[in-house]
Amino acid sequence: MKQRFSSLDVRVIAHELSAALVSLRLANIYDLSSRIFLLKFAKPDHREQLLIDSGFRCHLTSFARATAAAPSPFVARLRKFLRTRRVTKVQQIGTDRIIEITFSDGLYRLFLEFYAGGNVVLTDADLTVLGLLRTVSEGAEHEQYKLGLKYDLSLRQNFAGVPELTKDRVREGLQRAIERQAEEAQKPGKKVKKKSGDALRKALAITTTEFPPVLLDHALHVTGYNRDAQPEEVLASEELLDKLLESLQEAQRVVKEITSADTATGYILAKQGKVPQPPADGEEPNPSAALLYDDFHPFKPAQLATDPSITFLEYSGFNKTADEFFSSLEGQKLESRLQEREDAAKRKLDHARQEQAKRIEGLQSVQELNVRKAVAIEANVERVEEAVAAVNGLIAQGMDWVDIGRLIENEQGRSNAVAQMIKLPLKLHENTVTLLLSEYDEQDDDEEMADETDSEASDSEDDTAKPTNHNKPKVEHKQPLAIDIDLALSAWVNARQYYDQKRTAAEKKERTAQASQKALKSTEQKVMADLKKGLKQEKEVLRPVRKQMWFEKFVYFVSSDGYLVLAGHDAQQNEILYRRYLKKGDIYIHADLHGAASVIIKNNPATPEAPIPPSTLSQAGHLAVCTSSAWESKAVMSAWWVFSDQVSKTAPTGEYLTTGGFMIRGKKNYLPPAQLLLGFGLMWRISEESKARHLKNRFKDGAAGGGDLDSSVGHDGEKNDDNDDDDDFPDAAKGTLDDDDDFPDAAKAEIAADGEGDDGADDHDESPDADISDAEASVRDADEDHGQRSNPLQMSGSASGPTAVEQEDVESDDESDDEGDDGHPTPAEPEQATTTDDATGHATTTAETSASRSQTADKAQQPPAKAKSAPMTRGKRGKAKRAAQKYADQDEDDRQLAMKLLGSQAAIDRREEEAAAQAAKSESLEEARARRREQHQKAQQAGLEAEEIRRLNLEEGVEALDEDEVAQMTELDSLVGMPLPGDEILEVVPVCAPWTALGKYKYRAKLQPGQQKKGKAMREILGKWNKDGSDVKKLDQKSEDRERIWPREAELIKAMREVEVVGVIPVKSVRVMMGSGDAAKGKGGAKNKSSRGGKGSKKK
């Protein structure tokens, strides 16, 4: 069986890796074992996993593997240098079995060796070793590997280039091979038998190192060359030499053909193995299950093509071929190890059960034996009395015990009936004697036979009676029982003792049975705990990695009407959702709450003008509220929605929108208060053939039920002046005190916010930059008509901004109101707008215009005014006059020299240096301000251009989705919550959605605000579903009952892992509410009693 790469395998793998990994970044490195490593490469929407088995193999893999809990020192060193680095080149070193992966244009180089013991070497651009899997001492055939030394590439095979394939090269190589074979033949030792054809193949392997032996055999077979020819014969014949050159050229052609395409076709050579067990009901037989993989190559060997015992399996891509070959072997080993542990646990349990059964069976046999002894004594009372009397008489005569035994033995020789009943040796020291008594049934038979013979003797018909006796079947006489009889007790008392022993044994049996049940239960628990611990230590069985759909990187769910709803995990994803996925006809949903996500509803691309059903709007609003601070505070709040053309990144003049922040223009449509109730469910991806069984289209019900949605508001943005459009959602009316009768706390909060608004405005006038920060909120309302809704979770009240038509009136009002304490109006004070940040969710009142910024900059640039000199006090004027007369003849040089002698010049110089440094610092700050201002203006200009392009795309209906994304949009029909009988289930997709969207899901769990961490909650949910899947009563082997668990579903759920699922939960802490019917209802399940989980759940 092939275990390591050949030089040709390394060349093909390096060629495919170059096409697959270049331009990807190394995301992380993991340990799988001491010599097997997993490298994960990624870029947006593209991920690859590279498996490296040092010394053996290296290929891309599509299977998920269990990694070590903590990285080894070698992996930690690799992470230090290579993490987040981009792959720029992958190549083979010469024709040697070494692959070089270059990072960051040669800044770091990773060498993978696949010969001898193998090694993984990390070097810098100068080939200085930075990391090493194993240190190698210097030897005859290899150099020393050590940190800090140079990695010598010149010693690698054909590093300078592959020599040209010529006749002279072949001739010289064969000559060297002949000389080498002659030297080996002269060495003393045991001679090894050589197969026919080995001599020529070994000689060619030394001559043409770029061709592996299997490829040489293939080329010789294709060209019809005689493999049994000896190297000496080839050298002697020019014809044979020319034909051999043609064979080598054929091998060279095969290599060029393999490496000409980006991916090579791989072939796995398999042999027939054991016949597999027949599949269970409802499962399709796997034809490859009985095959044992033996070898793999990037070409189909011609010499093995006609072998009937070999089956060729063809795969597209040599990486996939190697992954399938080694992963199959690895999976078989893992499964065998897991099976061995399970079998050992079963053997322990069976042994414990057998031991307990033997104990109970022994007690039962003791009872039966005691009853048989008592019955035998009762059947032979007279004989027992005779034997006891005889022995007691001998003892009474004073005879020695040894003599009594001899006497009984002599009497047995004389056929004394009483002596023959006694079994020697005697137990007189215990005052007992062992008697051989026949059982009750045998005694009755003897008596009947005696009576019959007596009657027949008196009869005259003797001759006729004899043949009758011979025709009767012979009775098998049982062995007499050896029974201990107490010499001090009568026969009846001895029988009673045996009956008492029987009752004692029965009581002991009952106690043993009860204790054995407890012992078996304890043993089973211990064995299962050991098995569970052992299975954790073992690696998991290989599972193929599921390729995620494009929307799974967001918070997502499919509404009950079939619409795709997306939300961002953070501000960056909110920005991506707006720029790439918010298209014409889509709906934008948000909530004025801290931490609320931006949610969009993808409309049907075929009918973008169709209205969205109210149920979908409500479910999306629930998601927006649940992702905010309302989840932890358990406050019931409302979300709002707008059309896609009302959302923009164009801020008013002088203002700046942070990442994930948007400007809302026009009216917000408020939704009813949202329920703080989420659900975790499973969607099943079915095959294309099974999609036809689900007749319901995703948008069919949505289009039919959406006719009554806000009839006065269309997707073209036209709005009526009256308030009839809020009839469907009465909570969306203008925020007045009368509208807040149902929520008095909200009304009080609004009054309080209005009362504090004046003070806040004054503070803002006094220090306009105090409340402004780059991380402040960013969804801005520019509709003056919309009333302010009070919100107890907001930091302050929010007011709607002006429309374009009423801009001038509002500015004049603002100018008249914004006056400082000194009575002068603040120049160019802007209008205030409500802001809500998607990333942080703060609500505050901020306004910053270019005029105010320029004013602040001008003030900073003005030099400080010189202070007026104060009049001198009395006495100082005369002192200054005398000093002027004293130093009248002193020039500047003399004055500086005197100051230096006095020590005052140093202080003056220091002050001058500080002033110069301060001036330079101020100048650099001004330059930084100017640079930031220029960058801001450039970013603002780029944002305006991008916004204009997006607006034109919306007007023209241009789609910016990739082909894969468009294809996966149509694949939403293949995601179902409740599969039908006969559906082919391909994959399971976890989803977290509002509870109302999971009404038709087969597997679902309710999530409420709580204190349980979502990781522990996922373990609880998956654990319950896995437990139900292992229950035979709840399993439907035929996959026909929709209410019970199907084997394919149980298999996919068992393969799910907590770390892969926990990311779909958009909240931090939850409380799990699961009923017995959530996963598998009905027939085989338990009764419909609700069972609650979680930290805060109630237990009955």
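Reader: What links Lys167, Asp168, Arg171, Glu238 and Asp242?

Author: A network of salt bridges links these five residues in the predicted model. A salt bridge here is a side-chain nitrogen of Lys or Arg within 4 Å of a carboxyl oxygen of Asp or Glu. Residues are numbered from 1 along each chain as its sequence is written, and side-chain values use heavy atoms, with hydrogens and water left out. As the model is predicted, local features need pLDDT of at least 70 and side-chain atom pairs count only at pLDDT 80 or more, while totals for chains, interfaces and linings use all residues.

Reader: How many salt bridges does a search of the whole structure find?

Author: The search finds 32.

Reader: What makes the contact of Glu100 and Arg109 a salt bridge?

Author: The N to O distance is 2.5 Å, and the cut-off is 4 Å, so the pair qualifies. Glu100 and Arg109 are both buried, that is, under 20% relative accessible area (exposed is over 50%, partly exposed in between, with a 1.4 Å probe and protein chains only).

Reader: Why is the salt bridge of Glu1049 and Lys1002 said to tie together separate parts of the sequence?

Author: Glu1049 lies in helix 28 (residues 1047-1055) and Lys1002 in the loop between strand 31 (985-994) and strand 32 (1004-1013), so the pair joins parts that are 47 residues apart in sequence. The N to O distance is 3.0 Å, and both residues are buried. Helices (H or I, at least four residues) and strands (E, at least two) are DSSP runs, numbered from the N terminus.

Reader: Where do Asp1028 and Lys1024 lie?

Author: Both are in helix 27 (residues 1014-1029), four residues apart, about one turn of the helix. Their closest N and O atoms are 3.1 Å apart, which makes a salt bridge. Asp1028 and Lys1024 are both buried.

Reader: Why is the pair of Phe554 and Tyr581 called edge-to-face?

Author: The structure holds 23 aromatic pairs, and in this one the centres are 5.6 Å apart with 80° between the planes. Rings of Phe, Tyr and Trp (its six-membered ring) pair if their centres lie within 6.5 Å; planes under 30 degrees apart count as stacked, over 60 as edge-to-face and the rest as tilted. Both values meet the edge-to-face rule, so the name follows. Phe554 is in the loop between strand 17 (543-544) and strand 18 (555-558) and Tyr581 in helix 15 (residues 571-581), so the pair ties together parts 27 residues apart. Phe554 has 2% relative accessibility and therefore counts as buried; Tyr581, at 0%, is buried too.

Reader: How do you know that Tyr588 and Phe662 form an edge-to-face pair?

Author: Their centres are 5.9 Å apart and the planes are at 80°, so the pair passes both cut-offs. The pair links distant parts of the chain, 74 residues apart: Tyr588 is in strand 20 (residues 587-590), and Phe662 is in the loop between strand 23 (647-648) and strand 24 (663-664). Tyr588 is buried at 2%, as is Phe662 at 0%.

Reader: What makes Lys2 count as lying over the face of Phe296?

Author: Lys2 is at 4.2 Å from the ring centre. The rule asks for NZ of Lys or CZ of Arg within 6 Å of the ring centre and within 35 degrees of the ring normal. Lys300 likewise lies over the face of Phe312, at 5.0 Å from the ring centre. Phe296 also belongs to an aromatic cluster with Phe5, Phe114, Tyr293, Phe318, Phe325 and Phe326.

Reader: How do you know that the span of helix 3 (residues 167-186) agrees with its length?

Author: The expected span is 1.5 Å times one less than the number of residues. For 20 residues this gives 28 Å, and the end C-alpha atoms are 29 Å apart, which agrees. Buried residues in helix 3 include Arg169, Val170, Gly173 and Leu174. The buried residues of helix 3 pack against helix 4 (198-207), helix 6 (231-236) and helix 7, where contact means heavy atoms within 4.5 Å.

Reader: Why is Arg253 called partly exposed?

Author: Arg253, in helix 7 (residues 238-259), has a relative accessible area of 42%, which falls between the limits for buried and exposed, so partly exposed is the term.

Reader: What makes strand 18 and strand 19 (residues 564-567) a pair?

Author: Four bridges join these antiparallel strands, and pairing requires that DSSP finds at least two, so the condition is met. Val555 stands opposite Ala567 in strand 19. The two strands form a hairpin with five residues between them, and Gly562 in the turn has a positive phi of about 90°. In strand 18, Val555 and Phe557 point one way and Tyr556 and Val558 the other way, and all are buried.
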